[in-house]
Amino acid sequence: MGVRGKQWAEVINKHPDTIVVAYVRKNVNLAHIPGEQWDESIPCFSSLAEALECVDADAVVIVSPPEYHYDQVLTAFDHGCHVICEKPLSENYDECIEMVKEAEKRKLIFMIGMNFRYLSVTKKYREIVQNKSIGEIGYGHFTYIRNRDGNRSDLNKYPLTMLQPMLLEQSIHHIDLLRFCYGSEITTVSAQTWRPFWSTYQDDCCVSADFQFANGIRAAYLGTWTSGSNRLYYEWRTDFSKGTLRQCHQFRDLFQSRLDPDLALTGENFKTDPDIEPWLPVEIPTCVEFIDDTYCLLEEFVESIQTGAEPVTSGKDHLKSLGVTLACVESSITGKKIRMDEFYKKKGIPSCWMSGMGFK
């Protein structure tokens, strides 16, 4: 019932096929703080198990810190409930695999709150990649530099002490975006992580990585939560055979330019004129971040429950994004390039789950 919980409650109550029937908060005395605008007619319980014994629920949205996800997901499954769980599913990969297996065994819909996939700018980015309007992809470069002070009152406190907070709480979104928009699986990972001495986080909060995809694409990634500036720097650039695509804001602002081959042979050798192959804005629908995209996630969830079809943003799919994230950690520790097929095999991922991932 924190910041993300408020967003989910707003979205659930907007959707014509869903209503909130209960809240769960460890300290129920904090359930209805004046000014928080929670519906006081809806009961609040101190545990999920108690709530599911007392109310008739079809599904559970889990918006708690990752250390609680395993027990809460299995509790929901025990009561026959479908589940949306915010990422990361767990810091323990074995627990993640077990949760996905349990959902599959019980034929329950299990989705992960990878909300960045449903932003308007993400959909447009993926569309341009798929329709090849500026050619075939060659490579990408993703940079996210932010000074996220973990002591802010409006931020969750658990990242301050968790292992690899940047990777598991932020970079996992970016890794998922790369997989989703490029439409290909990451096959090898090389990475380093570190912690600047002035960071508010106890563990590594910076990561530099190189990803190779099954279709031959390469992507360089740099992400940090500890910066020397409070100005967020976000740029995701992808170079194609006929042009370039560039996102300059994590929720909007998409630009593209078209390659003029003749310019390579004429004019100055180093071209800096902004009028040369100018960045042109790409029109995208407006989007209220964390609300409209969460609504799209909920729509997919409801449709999956109604039809029985596995959602795109499934727990099984999340194992791939989380797997790459944890492979970055392993690469940093060992100093070695990690092959994802070997990583998944070592972790006990069923071979049938890896079909279509492009591994040789």
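Two residues are in contact when heavy atoms of theirs lie within 4.5 Å. The model used in these exercises is predicted.

**Exercise 1. Contacts of a core residue**

Leaving aside neighbours within four places in sequence, state which residues Val189 is in contact with.

Solution. Step 1: set aside the neighbours within four places of Val189 in sequence. Step 2: list the contacts that remain, which are Asp210, Phe211, Val324, Ala327, Cys328, Ser331, Lys336, Lys337, Ile338 and Met340. Step 3: place Val189 in the largest nonpolar core, which has 86 residues. Val189 is among the residues with the most contacts inside this core, as are Tyr93 and Phe110. Helix H6 (residues 165-182) gives the largest share of the core, 10 residues.

**Exercise 2. Two helices**

Describe how the axes of helix H4 (residues 93-106) and helix H9 (residues 340-347) are arranged.

Solution. Step 1: the two axes come within 10 Å and cross at roughly 75 degrees. Step 2: angles of 65 to 115 degrees count as roughly perpendicular, and H4 and H9 are therefore roughly perpendicular to each other. Step 3: H4 makes the contact with Tyr93, Asp94 and Ile97, and H9 with Phe343, Tyr344 and Lys347. Step 4: sorted by class, four of these residues are nonpolar, none is polar and two are charged.

**Exercise 3. An aromatic pair**

Classify the ring pair of Phe77 and Phe110.

Solution. Step 1: the ring centres are 5.3 Å apart. Step 2: the planes stand at 80 degrees, so the pair is edge-to-face. Step 3: Phe77 belongs to helix H3 (residues 69-78) and Phe110 to strand S5 (residues 110-112), so the pair ties together parts 33 residues apart in sequence. Step 4: Phe77 and Phe110 are both buried.

Methods:
Residues numbered from 1 in each chain as written. Predicted model: local features only at pLDDT ≥ 70, side-chain atom pairs only at ≥ 80, totals over all residues. Heavy atoms only, no water. Axes fitted to C-alpha atoms, helices over the stretch in contact; angles between N-to-C directions. Helix = DSSP H or I, 4+ residues; strand = E, 2+ residues; numbered from the N terminus. Parallel < 35°, antiparallel > 145°, perpendicular 65-115°, else oblique. Nonpolar A, V, L, I, M, F, W, Y, C, P; charged D, E, K, R; others polar. Core = buried A, V, L, I, M, F, W, Y, C linked by side-chain atoms within 4.5 Å. Buried < 20%, exposed > 50% of the residue type's maximum accessible area, 1.4 Å probe, protein only. Phe/Tyr/Trp six-rings, centres within 6.5 Å; stacked < 30°, edge-to-face > 60°.
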